[in-house]
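Visitor: I would like to learn how the words used for a protein model are earned. Could we look at one together?

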Amino acid sequence: MKEQIHLYKERITAFWQGRSKGQRTFMIGAGAVLAAALVVMSVLGSSSGMVPLYKDITVQESGQIKAELDTRGIPYELDQGGTSILVPDSEVEGLLVDLAAAGIPNSGTIDYSFFSSNLSWGMTDNEFDVIKLDAMQTELAGLMTGIQGIENAKVMINMPEEQVFASDTAANASASIVLDVQPGYQLEANQVETLYNLVSKSVPDLSKDNIVIMDQNFNYFDNNSEMAGQEDIYTYQQKVKADIEKDIKQRLQHTLGMMIGGQKVIATVTADIDFTKENRVEELVEPVNEETMEGLPVSIERIEETYEDGAVPEGGTAGTGDEDIPNYEAGETGNGDYEMKKETINNEFNRIRKNIEESPYKVRDLGIQVAVDNKKSVNDDGSVEYLSAAEEQNVQESIQSIVDSMIMTSINAEYEQESTDEKVSIVFQEFSGQMEIPTDGPSTGLPLWAYAVGGGMLLVIIVLIWRLMRGNKEKEEEFHVYPEETPPSEEYPEIPQMKEKEDESTQKRKQLEKMAAEKPEDFAKLLRSWIADD
């Protein structure tokens, strides 16, 4: 029996050693997948098939559901401290419908749907006010739980009583709110402001000053929306100011660095930004023809009247009328002509309406300070040569010209040369330290420390790979499996003919004994390989 087991063992060992590394990996992976599949099937087969019916419910609602399930005789399990109920998978859909029809779970709160199902003629005004207030509190709590980070909310509203007689002092409502905030979550300022607005706009005569909001840890949330808005505006204005100063400084530093040298000059910029925002409407009337300042004629009216002496008046000859005296000579009339011309022209002009909105900010003033290194060169004997007065004058004029041009194009105003001179300060001084030159954009190269860290990490990776390869090589040499074959005839002589009756196992045993006596190191390696295979 032992010989058969040993024979099977040798066959299995020979089969395993005859497989390649990929085949061995595939066989091990297939075995692992099969074992995992068997474990999963056993776990699924042993499970009771219980699935959640309700999750994240209150203990009161859980008690109602538990009592109903006990009455129906349906098995169940409680989980998560009684806030979840598990029932068999086949019973879930039917129970959801049946419990909903029975009004289970019932949280005990009153919402606005109560009025449509329970309103009756016998309800008094006081009862109606109490139910209405309770419904309002429930609805507000439900709206607050929809905000991120709030798990539950309790709202208490105090409504003032209606006064019978008129009073000078008006009674105001008040509200107290307790929030159940998720652990580790911090409500932001806009969320707190939303809560205050939600309550203030939902309850009549309720101002934000009469609202108190706190969490379960007695932390109060104050309505600092105005301060938060001011902080946001201040941050925005400071960021705009810093960006403008940085942009002008980089352009000025780059230009002066190309002229004098990057290590020879340094510039700083101070900006005065006007954040006044203006909206105005302009209604202008302009002529159509600006040269003649005339408009476009719309209508023209001309009237002409003429009169000449000697013509018979329109009433006939004097003294012949019904009321005139016959044969009465009329008075003499003088000679003269009459002529009148009248012309009326209605002109239309261009009527322009402009809605102008000024930009949110503009550069009102700039102050620029430039420092120049007056050290010209260092002689061989260590002496320092400085710029002469004439050279400093030339450099100052060049810098002044560039700075004046930059100021004139950057600020939104017109300045004369004398005013720009007051905004620029140029100083010649020997630099004792090294200056960091700003660039126009992000640096494309890596700093020196990045190369040093990268080189160190690369060296560590190379050493680890080398040690890993060396360790694998030593393991292969240590656990090298020698083939089980008969040693060469010159080292291990054949067994004499007189011992032909001995079986093959006895012959191998003798060869191993001889190998252990002559080459103990090889014999020890062979034994270790067998032990590793077992």
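Visitor: Which element of the protein has the lowest mean pLDDT, and which the highest?

Guide: Helix α5 (residues 113-118) has the lowest, at 55, and strand β5 (residues 174-181) the highest, at 92. The term pLDDT stands for the predictor's confidence in each residue, from 0 to 100. Helices (H or I, at least four residues) and strands (E, at least two) are DSSP runs, numbered from the N terminus. This is a predicted model, where local features need pLDDT of at least 70, side-chain atom pairs count only at pLDDT 80 or more, and totals for chains, interfaces and linings use all residues. Residues are numbered from 1 along each chain as its sequence is written, and side-chain values use heavy atoms, leaving out hydrogens and water.

Visitor: What is the average pLDDT of the protein?

Guide: The average is 75, and 74% of the residues score at least 70. Over residues 484-501, though, pLDDT stays under 50.

Visitor: Why is Leu86 called buried?

Guide: Buried means under 20% relative accessible area, exposed means over 50%, and partly exposed is in between (1.4 Å probe, protein chains only). Leu86 has 14% relative accessibility, so it counts as buried. This residue lies in strand β3 (residues 84-88).

Visitor: What does Leu86 touch, not counting residues up to four places away in sequence?

Guide: Contact means heavy atoms within 4.5 Å. The residues that Leu86 touches include Met50, Leu53, Pro75 and Tyr76. Leu53 is 33 residues apart from Leu86 along the chain, yet their C-alpha atoms are separated by 5.5 Å.

Visitor: What makes Lys241 and Glu245 a salt bridge?

Guide: The rule asks for a side-chain nitrogen of Lys or Arg within 4 Å of a carboxyl oxygen of Asp or Glu. In this pair the closest N and O atoms are 2.5 Å apart, so the rule is met. Both residues lie in helix α8 (residues 225-260), four residues apart, about one turn of the helix. As for the idea behind the rule, side chains of opposite charge can pair when their charged atoms come close.

Visitor: Are Lys241 and Glu245 buried or partly exposed?

Guide: Lys241 has 25% relative accessibility, so it counts as partly exposed. Glu245 has 16%, so it counts as buried.

Visitor: How do you know that Asp70 and Lys66 are separated by about one helical turn?

Guide: They are four residues apart in helix α3 (residues 59-72), and that is why the separation is about one turn. Asp70 and Lys66 form a salt bridge too, with the closest N and O atoms 3.4 Å apart. Asp70 has a relative accessible area of 41%, so it is partly exposed.

Visitor: Which parts of the chain does the salt bridge of Lys423 and Asp365 bring together?

Guide: Its closest N and O atoms are 2.8 Å apart. The pair links distant parts of the chain, 58 residues apart: Lys423 in the loop between α10 (417-422) and β15 (424-428), and Asp365 in strand β12 (residues 362-372). Lys423 has a relative accessible area of 14%, so it is buried.

Visitor: What makes the link between the side chains of Asp274 and Thr276 a polar contact?

Guide: A polar contact is a pair of N or O atoms within 3.5 Å; within protein, one must be able to donate a hydrogen and the other to accept it, and residues adjacent in sequence count only if both atoms are side-chain atoms. The contact here is 2.8 Å, so the distance fits. Asp274 is also linked with Asp272 and Arg364 in a network of salt bridges.
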